[in-house]
Amino acid sequence: MKFRQSAMDTNMLGYSGRMLIVDLTQEKTKIEEIPELIRKKFIGGNGFGIRFLYEHQKPRIDPLSSDNVLVFAVGPFCGTVIPCSAKYVIQAKSPLTGFQGESVGSSFWSLAFRRAGYDVLVIKGRAKKPTYLFIDDDIVELRDAKQLMGKDCWETESIIRETIGDENVRVAAIGPAGENLVRFACVASDHRHAGRTGMGAVMGSKQIKAVAVRGSKTVEVAKIDELLDLCNGYYKKVMSQNPFVTRDMGTIGTAIPNLLGYATPIRNFQSAGAFEGEEFISEDIRNISIKWLKERYVHKGIACASCPIACEHIDFIKEGPYKDLAYKTGYQAMCALGSNCGIRYFPAIVKAEQLCDMLGMDLISTGVVIAWAMECFEKGILTLKDTDGIDLSFGNHEALIEMIPKIARREGSGDILAEGVGRASEKIGKGSKHFAMHSKCLEFPGFDVRGLKATALSFAVSTRGACHMRASVYEPEIEGRLDRFRVEKGRGGFVAEKENSLTIFDTLMLCKFSVTTWTDVYNELAHLYTLVTGMPLTAKELRTVGERIWNMEKAYNIREGWTRKDDSLPPRVFKDPIPDGGAKGSHLTEDEFNFLLNDYYTARGWTKDGIPTKKKLIELGLKDVATEIGV
Amino acid sequence: MQPRFVVSNLEECTGCQICEYVCSAVKEKGFNPLLSRIRTVRIEPTFNIAVACRLCEDPPCVAACPTKALSREEKTGIIRVEEDKCNGCAWCIETCDFGSIMLHPVKKTVVICDLCDGDPKCISHCPREALYLATSEETSQKARKKMAKTDMPR
């Protein structure tokens with residue numbers, strides 16, 4: 001079924017100015033212009049995402065029903081030479097958290113989508129049969145996806161590309177996990193993933209196997225020569241900084257400082273930091289050098305579009321059971337699928353990441369839910385009978401590799417784990433909730449927050465659930481710029497300010513690895529915005545946009561039924577002090593946590609129940625939202 | 001002197017496409033890889049390369065052109081396209097083993113790397129310094145040196 005969109009010549013710089021709305025139930029498409037007011041107030045990316053999700057989705061719906069609304073959005077820098085600008089965001093009500101689902105993906109899909117002439121794609125309803133969407137500039141087509149069902153993300157991409165016969169077609173696809181409604185299924189494109197909060201399951205519930213795009217239009221900007229020169233300066237700056245995440249290692253380079261900083265979780269967040277063993281984390285962790293890992297495994301970096309950093313490093317496995325495997329890995333995989341499962345054998349971690357990526361599952365959630373099952377197994381809460389005979393002992397990498405496809409296909413014991421650690425621990429009970437590491441049902445990324453107390457706060461208050469990318473407070477804490485064990489007034493304001501500033505990255509759709517590129521972030525980004533769009537923007541206005549979007553996300557969550565008790569942390573954070581290492585004895589008390597929450601809500605100008613006040617929302621230009629959520 | 005052309009270092013190229021965007025910006029005042037004279041190729045998981053015109057000594061594209069729109073500049077080796085003679089038939093595109101000739105999607109005439117008058121902007125903007133200008137002699141010297149360094153017993 002094909003739909004031709006009327007070409008709307010918006011004559012905009014930076015933006016396309018167009019939103020494509022696809023209604024799968026009614027089999028209709030339409031184009032709407034994105035009004036200037038919305039562009040000014042929400043800039044792009046997750047600002048557009050939350051605005052249009054809020055507008056198009058009815059409150060309190062079942063996230064896996066046809067009522068959910070899936071929003072893809074790009075930012076005004078997309079398709080230009082601005083460093084690290086190849087991101088896109090997917091938003092919907094999350095089937096994992098029940099609140100705002102938001103996941104940022106990267107690579108080349110965003111640019112093709114932008115060049116097809118859109119900033120936002122809204123998908124509503126549910127297709128009658130397995131379908132994929134093909135957006136070919138102004139022609140939008142719903143195509144039969146029957147022969148793609150059951151295929152992994154990569155096969156799906158290449159089959160679609162071959163069918164259309166053009167390498168310039170970019171595909172965002174789900175794998176078997178998305179089809180089977182695994183609650184933390186992700187969306188994959190060019191071997192990169194929009195991983196968190198289960199956006200792949202929402203696609204699966206709509207019977208949309210993939211969104212393929214081909215864009216041939218030119219992205220025009222206001223001051224192209226100035227932009228080229230400025231960006232060239234930024235490339236040189238990026239390349240001269242932080243050799244860990246640039247030329248040498250990718251994010252696994254950060255494993256060393258995190259380990260040395262006793263922040264890396266081990267065996268389902270039982271210990272933090274030093275991890276005895278002989279493989280990638282040696283007995284004396286000072287002996288592990290970047291050089292050692294690099295010489296042994298790391299082969300080469302590959303980049304997303306317009307990215308000078310190339311954080312992804314391909315590892316070559318030269319021997320052992322996973323011989324000849326060539327795939328990437330990063331710090332989060334090393335934690336979730338490695339240390340957290342007690343696994344030290346590096347090649348197995350690379351294999352596990354590859355499986356998660358092919359099958360289309362968020363590797364952080366997958367690793368944490370398996371680590372939780374391993375602790376259940378250790379404590380006798382789960383037995384061989386419950387695990388279909390798989391020996392889920394910590395450190396058994398064969399069990400890990402066996403478990404991942406079972407989750408993606410919801411086979412046997414994989415079915416319950418596919419629900420995520422929050423729901424699985426609810427069902428299993430027997431004290432397993434104590435160590436189910438999630439906030440708002442989103443599994444913890446690889447930081448032990450018992451010894452990173454401001455990070456603990458940021459995990460609890462993040463609108464999408466436990467997340468290290470929304471505030472990234474772990475960096476100043478591990479580096480020692482912020483006393484990680486101390487709880488005092490001002491921590492709330494610190495976290496809020498970090499959230500506002502990182503929200504800008506998700507709004508302009510810049511990668512957060514570019515963060516060190518900017519010396520004076522608001523001024524520089526506002527200047528770039530003006531060079532691209534020709535529209536004036538001040539640093540102060542940009543900062544307000546960050547705060548506005550965060551409040552908008554919060555208002556969305558409140559509309560979905562959020563209360564203060566949802567800003568929570570698992571019992572282990574409060575009850576089990578870190579047993580060993582340099583952060584030994586550290587944990588967060590309930591009193592400290594309540595103090596931090598109060599401090600944060602006050603800094604945000606919210607009530608003690610964490611609800612934005614009418615005054616705050618009006619100040620941010622969100623009067624309509626204030627009325628709707630009844631403050 | 002042998003002509004210099006744009007060469008990409010396979011070990012350094014990460015496939016970021018910045019060269020494509022810079023080329024289209026310089027030549028066409030907009031960002032669009034379809035307008036670029038240099039193109040990247042990625043073969044998962046690790047192979048990345050950027051390819052532009054290699055200034056062949058005896059260019060098949062020039063020989064193939066039925067309208068004599070293409071010619072090779074003696075001194076620089078650059079293949080020049082006379083736009084008003086080019087009818088977009090794409091014979092030259094078919095003969096080029098490197099895929100270095102592209103049809104301009106709007107003008108419907110072919111475009112080929114002209115080395116930006118000796119200072120290619122793709123090279124000055126490549127963040128990994130993976131692109132450089134070299135003659136075929138320099139390229140083979142480099143290959144020999146690498147082979148001697150890595151493959152030979154010392």
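The following paragraphs describe a three-stranded sheet, two helices and the confidence of a predicted model.

Residues are numbered from 1 along each chain as its sequence is written, while chains are lettered from A and ligands numbered from 1 in the order in which they are written. As the model is predicted, local features need pLDDT of at least 70 and side-chain atom pairs count only at pLDDT 80 or more, whereas totals for chains, interfaces and linings use all residues.

For chain A the mean pLDDT (the predictor's confidence in each residue, from 0 to 100) is 92, with 93% of residues reaching 70 or more. Over residues 275-288 of chain A, pLDDT stays under 50, and the model has 23 contacts beyond four places in sequence for this stretch, a contact being two residues whose C-beta atoms, placed from the backbone, lie within 7 Å.

Helices (H or I, at least four residues) and strands (E, at least two) are DSSP runs numbered from the N terminus, and two strands pair if DSSP finds at least two bridges between them. In chain A, an open sheet of 3 strands has the order 16-17-18 with antiparallel pairing. Strand 16 (298-302) and strand 18 (326-329) of chain A each have a single partner strand, so one side of each is left without a neighbour in the sheet. Strand 16 and strand 17 (residues 312-316) of chain A pair over 4 bridges, and I302(A) has E312(A) in strand 17 as its bridge partner.

Helix 11 (residues 331-338) of chain A is largely enclosed by the rest of the structure, because 8 of its 8 residues are buried (20 or more other C-beta atoms within 10 Å of a residue's own, C-beta atoms being placed from the backbone); among them are Y331(A), M334(A) and L337(A).

Methods: Axes fitted to C-alpha atoms, helices over the stretch in contact; angles between N-to-C directions. Buried ≥ 20, exposed ≤ 12 C-beta atoms within 10 Å, placed from the backbone.
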